[in-house]
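Here are some friendly notes to read alongside the model. Please keep the structure open while you go through the points.

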Amino acid sequence: MARLKGAKRQKNQLELAFGEGMKSEARSPSSEGTEAPVAKRSAESLAPNEQWMEKVCQRENLWQAFKRVKGNGGSPGVDGMTVDDFADYLKQHWITIREQLLSGTYQPQPVRRVEIPKPDGGVRKLGIPTVLDRLIQQAVMQVLQGSWDRAFSESSYGFRPGRSAHQAVARAQQHIAAGHRWVVDLDLEKFFDRVNHDKLMGQVARRVKDRRLLRLIRGWLTAGVLESGLVEPTEEGTPQGGPLSPLLSNLALDQLDRELERRGHRFVRYADDCNIYVRSQRAGQRLMRGLIRLLEGKLKLRVNREKSAVARPWERKFLGFSFTNRTVPKRRISPKAVLRFQARIRELTRRTRGISIEKMVYDLGRYLHGWQSYFGFCQTPTVLDRFNKWIRRRIRSAACKQWRTGKTRYARLRKLNLSHDLAARTAGHQWGPWRLSRTTALSYAMPAAYFDRLGLPMLHCTSGA
């Protein structure tokens, strides 16, 4: 109850803070004989289609942005401010910040460089903005996305409301089923680090006439990156890590989408993952050459020729999935995704972890729930059933390792309702844990129902396959 009251009080205080600037602008200056604020004069002189910043600074928009930023959490930026400390900061400084936004004088801060490992090796460089910049970026993104999204291609699925990776994979499957059984798989080399600022800002300027907002977006692009204690300038790229970056990436590749649509191609794009489906290898190779000229010549991006290819769809992966080589293709988990899954399961069920079986199942459950929600979209139930059996066997093996002596094995097996004779014979074996885990005794003692009671999720297809 106290927590609910505190959250409600914080909401009221922030809504008052967000609305305070509007009230101060609305006051008539005539009673004091002073000039109206610069921000008010400039707003009044703007045409309706130029008042984007006023929409960004509306109280409801800001409150929605604050809730999203707070819900996402995340690390501090270069100023060290945490999300938990941010509300108090806003209460004290929001009026000044709002005036800077409306007058076009707000200065974004550099982003903090963070590197995270990629599943396929190497690292992905992220740029973490300050919490204040995240709030303003989120508020800007909400306004721009509402205006821009309906103009984006129907074949673009990444970072768009109401669209998902599953929808993108399903659309690719439809193209293959329709007879387009060759894919032009484009890989853009370090796309987020290579976006040309002038090209991108030209795209933005065709849609936004508010110079304050244009100056603000360019400020984010060129704010610099703090790495190893030094701020390095950013002359290209849209650093991943801020709320606005995905929308700008879609805008940067909108010209590619339009060109593919103009040519009548069937394609699916999710952020910088783009697959175009054609009927022949020759057509794919011709298209690949043309797209390289477009991307590298006109859009100033770079195509990774080693990773890009014209191939059969079942030889490539798309968003973690691949397809079977059938007249009616089925979705399957890509081989690389399978290897990553198996490596993670081995890590979580390692016999030398030194934790209880209950804790092991709990850790597994947290990972499997997330994995199931995404890869359960596959249409290969036998593969998932094989994974279920393999996971249960690994847990049984870990249990056998913990039952070090024959006496302990016998006691534990009897506690699991195994008969005296079978428990005794199993406890007397000199086999190792992995071989014991496959015995009839362990299957009887720890059946699938036993793992259900512990809360181990069962992997299954969610698409009705």
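1. A word on burial before we start: a residue is called buried under 20% relative accessible area, exposed over 50%, and partly exposed in between, with a 1.4 Å probe and protein chains only. Please bear in mind that this is a predicted model, in which local features need pLDDT of at least 70, side-chain atom pairs count only at pLDDT 80 or more, and totals for chains, interfaces and linings use all residues. Numbering starts from 1 along each chain as its sequence is written, and side-chain values rest on heavy atoms, with hydrogens and water left out.

2. Let's begin with the aromatic rings. Rings of Phe, Tyr and Trp (for Trp, the six-membered ring) pair if their centres lie within 6.5 Å; planes under 30 degrees apart count as stacked, over 60 as edge-to-face and the rest as tilted. Searching the whole structure gives 14 aromatic pairs. Trp63 and Phe66 make a stacked one, with 5.7 Å centre to centre and 15° between the planes. Both sit in helix H4 (residues 59–72), 3 residues apart, which separates them by about one helical turn. Trp63 is buried at a relative accessible area of 7%, and Phe66 is buried at 3%. Helices here are DSSP runs of H or I with at least four residues, strands are runs of E with at least two, and both are numbered from the N terminus.

3. Phe341 and Tyr367 are also worth a look: their ring centres are 6.2 Å apart and their planes at 20°, so this pair is stacked. The pair links distant parts of the chain, with Phe341 in helix H14 (residues 335–348) and Tyr367 in helix H15 (residues 357–375), 26 residues apart. Phe341 is buried at 1% relative accessibility, whereas Tyr367 is partly exposed at 22%. Ring pairs join these two into a cluster with Phe321, Trp371, Tyr374, Phe375, Phe377 and Phe387.

4. One ring of that cluster, Phe377, has the charged end of Arg331 over it, 3.7 Å from the ring centre. The criterion is that NZ of Lys or CZ of Arg lies within 6 Å of the ring centre and within 35 degrees of the ring normal. Elsewhere, Arg163 lies over the face of Tyr157, at 4.8 Å from the ring centre.

5. Now for the sheet. Which order do the strands of the open sheet of 4 strands follow? The order is S6-S7-S3-S8, with antiparallel pairing; two strands pair if DSSP finds at least two bridges between them. Strands S6 (266–270) and S8 (309–311) are at the edges with a single partner strand each, so one side of each has no neighbour in the sheet. From one strand to the next the twist averages 15°. Between S3 (residues 182–187) and S7 (residues 273–278) there are 6 bridges, and Trp182 is opposite Val278 in S7.

6. Helix H12 (residues 254–262) lies across S6 and S7, at about 165° to S6. Helix H13 (residues 281–298) packs on the sheet, touching S3, S7 and S8, and its direction makes about 20° with that of S3. Contact means heavy atoms within 4.5 Å; axes are lines fitted to C-alpha atoms, for helices over the stretch in contact, and angles run from 0 to 180 degrees between N-to-C directions.

7. Finally, the hairpin: strands S1 (residues 111–117) and S2 (residues 123–128) run antiparallel, joined by 6 bridges. Arg112 has Ile128 in S2 as its bridge partner. With 5 residues between the strands, the hairpin includes Gly121 at a positive phi near 105°.
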